[in-house]
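Please open the model in your viewer and keep the selection tool at hand. The stops below are meant to be taken in order, with each selection made before you read on.

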Amino acid sequence: MSLVLGAFAQVLSIKMVLIMILGSFVGIVFGAIPGLTYSMGIILLLPLTFHLPPLMAVTLLLGVYIGGMTGGSVSSILLGIPGTPSAAATCLDGFPLSKRGMAGKALGTALVSSIFAGLLSVATLMVVAPIVAKFALKFGPAEIFSLVFFGFSTICGISMGNVLKGLISGFIGLLFTTIGIDPVMGMSRYTFGIGQLISGVDLLAFMIGMFAIPQVIKILSIDESLLTRKISARVSTQYPSLAELKRMFGLMVKCAFIGIGIGAIPGTGGPIAAFLGYDQAKRKTRHSEPALEGVAGPESANNGVTGGALIPMLTLGIPGDPATAILLGALLIHGLKPGPMLFTQHADFIYGMYAALIVIHLIVLVMQGFGIQLFVQVLNFRKSYLYTTILVLCTIGSFAVNNNEFDIYVMVFAGFLGYFLMKFGYPVAPTVLALVLGPPMEENFRRALILSQGDFGIFLNSPISWFFYLATIFVLAGQVRRSLLAARGGSVSAGKRA
Amino acid sequence: MKKDRYFSVLVLGLCVFWFLNSRSIPPATMPGAPGPKFFPYLVMGCLAVFAFLQFALSFRHPKETVPPSTSVPIRPFSASEGTGEEEIEEASGGCVDPDDLVPDRRSLIASFLLILFYVVGIDLVGFYPATIPAVFFGLFIAVKGKTPWYRLALPTALITAAIYGVFTLALQVNLPAGKLF
């Protein structure tokens with residue numbers, strides 16, 4: 001109890017509240033503007049946190065995460081352009097409602113359902129995370145390897161519906177993790193005669209490149225008017241009535257838990273949850289007409305993901321989605337290693353984070369509710385100015401981590417790689433997440449073999465390992481089945497078009 | 001699909017390149033334990049198998065596939081066919097997916113070159129001397145001739161000044177100085 005009170009006292013200091021307001025504001029802006037994502041927002045703000053204490057730094061980034069997830073609905077509803085991929089489902093009913101003069105109501109419903117689901121996901125995180133962390137203390141190198149392997153394979157599997165492409169993208173990322181000093185014997189590998197590569201590829205510079213540069217290239221090279229629809233009308237948030245809330249409450253709870261569950265599975269994330277939420281909404285309304293449920297369902301689901309995705313990241317060190325992968329990197333930069341020991345050695349930090357998550361949700365509720373007109377003006381801002389500035393911020397961010405100019409080259413290399421991956425239809429997220437998961441995967445794999453003196457049976461001795469291998473097979477088999485069904489469906493549709 | 005075929009050949013080439021660079025890595029020092037080459041070999045092997053599978057599948061599935069990210073289809077707005085003008089007219093009725101928008105080839109090449117020159121420029125002449133022209137040409141590429149070049153000077157100055165204010169004056173972040181000066 002004293003920890004909880006202490007956490008709230010810490011979080012409610014003026015400095016922390018200002019940090020949360022800043023994070024939430026940046027998050028809503030990045031979420032609202034099409035093409036900018038909250039992952040990009042987190043990564044661009046990360047260099048600003050280097051001089052901050054760990055809790056303050058993570059709070060700022062969590063503000064961007066939650067603000068971004070919630071703010072994505074603004075452009076979905078008002079412009080019919082999803083602000084983030086997670087808000088694509090919100091667009092389906094939100095934009096038609098907006099055209100029928102119900103923009104305020106749709107925005108209010110999106111906001112209330114987002115905050116409700118977000119808070120529910122935080123509550124779930126607070127209950128589930130300590131249990132998972134306690135259980136994870138029993139893990140040895142073989143079990144940790146099986147867990148990381150599970151995380152990695154699901155990340156690759158659940159990516160744009162094409163398992164093979166996801167796996168290729170993920171293994172390309174793994175290949176890059178082999179650059180530099182090997183984690184067990186300390187020998188230099190794959191430096192290609194470049195001295196700076198001895199310490200490996202800088203994770204943050206690589207992430208900045210992968211997430212931001214392809215978007216910069218893309219937006220600079222398209223006609224920006226295609227992403228710009230001017231909103232001249234005055235918009236205000238209208239919250240749903242009690243009767244409407246009562247009608248949608250069951251749906252919101254259901255979709256929030258769908259989001260939490262999806263978020264807790266490594267590599268899934270908001271877009272899948274949001275479409276499942278939309279599906280639930282349509283089942284409830286039983287008609288194709290746009291309805292508030294079609295906004296509440298996806299928004300509850302995608303915000304449920306936030307707390308869910310933090311569970312594996314904090315307890316096991318496995319990111320649930322790209323945003324939590326960056327948060328994981330941020331924790332490491334601040335000397336905090338996510339995993340079960342984080343809960344015993346830095347309990348004050350964990351409780352501080354819980355308190356910050358709750359307060360951030362309330363700040364986002366107030367900020368987006370009352371400041372909607374400001375965010376509408378932000379939508380009218382020229383994309384060319386934004387993306388040119390982002391290019392400059394990327395170079396500052398990648399340089400500032402180690403004060404090393406070579407990291408800017410790493411960022412550009414990763415950016416070009418990311419662009420070509422996207423161009424060829426390969427998901428970028430598995431490559432980035434593989435960079436996070438690769439080192440622990442190799443380290444635990446080799447440590448387990450050293451412990452067993454080269455006996456591979458160690459990987460199959462523990463029921464925990466078996467559980468994760470079976471879960472891997474189960475998830476991958478499901479994805480392969482979906483891929484095959486989609487390929488068949490795609491062929492049919494392609495044939496029809498021809 | 002041809003794209004997948006080319007990409008899988010590139011990935012196979014990457015595996016070969018990695019393999020050739022593995023020869024200089026020393027072997028394991030502990031008997032029975034895998035050495036520093038083991039994990040890279042494992043990754044290379046798996047990647048090569050996946051790339052080969054992709055290569056083979058590219059002959060089997062010439063038809064277009066649709067990613068099954070959801071059971072609920074997003075309301076159709078395909079910008080991959082037709083010109084920009086048709087797209088915006090169509091878009092006014094439905095949802096736009098930013099990922100569907102087709103880039104202009106000349107602007108695309110210019111964007112790549114801009115980033116390359118910017119990075120090399122930072123390395124050679126330092127952060128601010130490289131940033132000012134990079135911002136200007138970035139805006140120039142983005143506006144695609146719809147705004148006269150002299151009207152881009154003010155936003156260039158404002159963006160650079162804002163960055164100087166935040167990072168150099170307020171946060172006192174060390175920025176690259178450049179090798180030439």
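The tour goes from charged pairs to cysteines, aromatic rings, one helix and a last serine.

This is a predicted model, in which local features need pLDDT of at least 70 and side-chain atom pairs count only at pLDDT 80 or more, while totals for chains, interfaces and linings use all residues. Residues are numbered from 1 along each chain as its sequence is written, chains are lettered from A and ligands numbered from 1 in the order in which they are written, and side-chain values use heavy atoms, with hydrogens and water left out.

**Stop 1: a buried arginine**

Select A:Arg446, which you will find in helix H18 (residues 429-451) of chain A; helices here are DSSP runs of H or I with at least four residues, strands are runs of E with at least two, and both are numbered from the N terminus. A:Arg446 has a relative accessible area of 0% and is therefore buried, where buried means under 20% relative accessible area, exposed means over 50%, and partly exposed lies in between (1.4 Å probe, protein chains only). Which residues does A:Arg446 touch, not counting those up to four places away in sequence? Contact means heavy atoms within 4.5 Å, and the residues touched include A:Asp182, A:Met185 and A:Arg189 in chain A as well as B:Pro34, B:Gly35 and B:Pro36 in chain B.

Now add A:Glu442, with which A:Arg446 forms a salt bridge whose closest N and O atoms are 2.9 Å apart; the term stands for a side-chain nitrogen of Lys or Arg within 4 Å of a carboxyl oxygen of Asp or Glu. These two residues are separated by about one helical turn, because they are 4 residues apart in helix H18 of chain A, and A:Glu442 is buried as well as A:Arg446.

Next, select A:Arg447 and A:Glu443, another salt bridge, with the closest N and O atoms 3.2 Å apart. A:Arg447 is partly exposed at a relative accessible area of 36%, and A:Glu443 is partly exposed at 28%. Shared salt-bridge partners join A:Asp182, A:Arg189, A:Glu442 and A:Arg446 into one network.

**Stop 2: a bridge between distant parts of a chain**

Over all chains, a search of the whole structure finds 11 salt bridges. Select the one between A:Asp93 and A:Lys282, where the closest N and O atoms are 2.9 Å apart. This pair links distant parts of the chain, 189 residues apart, since A:Asp93 lies in helix H5 (residues 88-136) of chain A and A:Lys282 in helix H10 (residues 270-285) of chain A. A:Asp93 is buried at 0% relative accessibility, and A:Lys282 is buried at 16%.

**Stop 3: cysteines**

How many disulfides are there over all chains? The count comes to 0, taking a disulfide as a pair of cysteine sulfur atoms within 2.5 Å. Select A:Cys255, for which the nearest cysteine sulfur, that of A:Cys91, is 17 Å away. A:Cys255 is buried at 0% relative accessibility.

**Stop 4: aromatic rings**

The whole structure holds 37 aromatic pairs over all chains; rings of Phe, Tyr and Trp (its six-membered ring) pair if their centres lie within 6.5 Å, and planes under 30 degrees apart count as stacked, over 60 as edge-to-face and the rest as tilted. Select A:Phe192 and B:Trp18, whose ring centres are 5.3 Å apart and whose planes are at 70 degrees, so the pair is edge-to-face. This pair crosses between chains, with B:Trp18 in helix H1 (residues 2-20) of chain B. A:Phe192 is partly exposed at 30% relative accessibility, whereas B:Trp18 is buried at 2%.

**Stop 5: a helix in chain B**

Select helix H5 (residues 127-143) of chain B, which has 17 residues. Of its 17 residues 12 are buried, so H5(B) is largely enclosed by the rest of the structure. Among the buried residues of H5(B) are B:Phe127, B:Tyr128 and B:Leu139, and the cover over the buried residues includes helix H16 (383-400) of chain A and helix H4 (105-125) of chain B. Just after H5(B) comes B:Lys144, which has a positive phi, near 50 degrees.

**Stop 6: a serine to finish**

Select A:Ser153 in helix H6 (residues 141-157) of chain A, where this serine is buried with a relative accessible area of 4%. Apart from neighbours within four places in sequence, A:Ser153 is in contact with A:Thr472 and A:Leu476.

Notes: Expected span 1.5 Å × (residues − 1).
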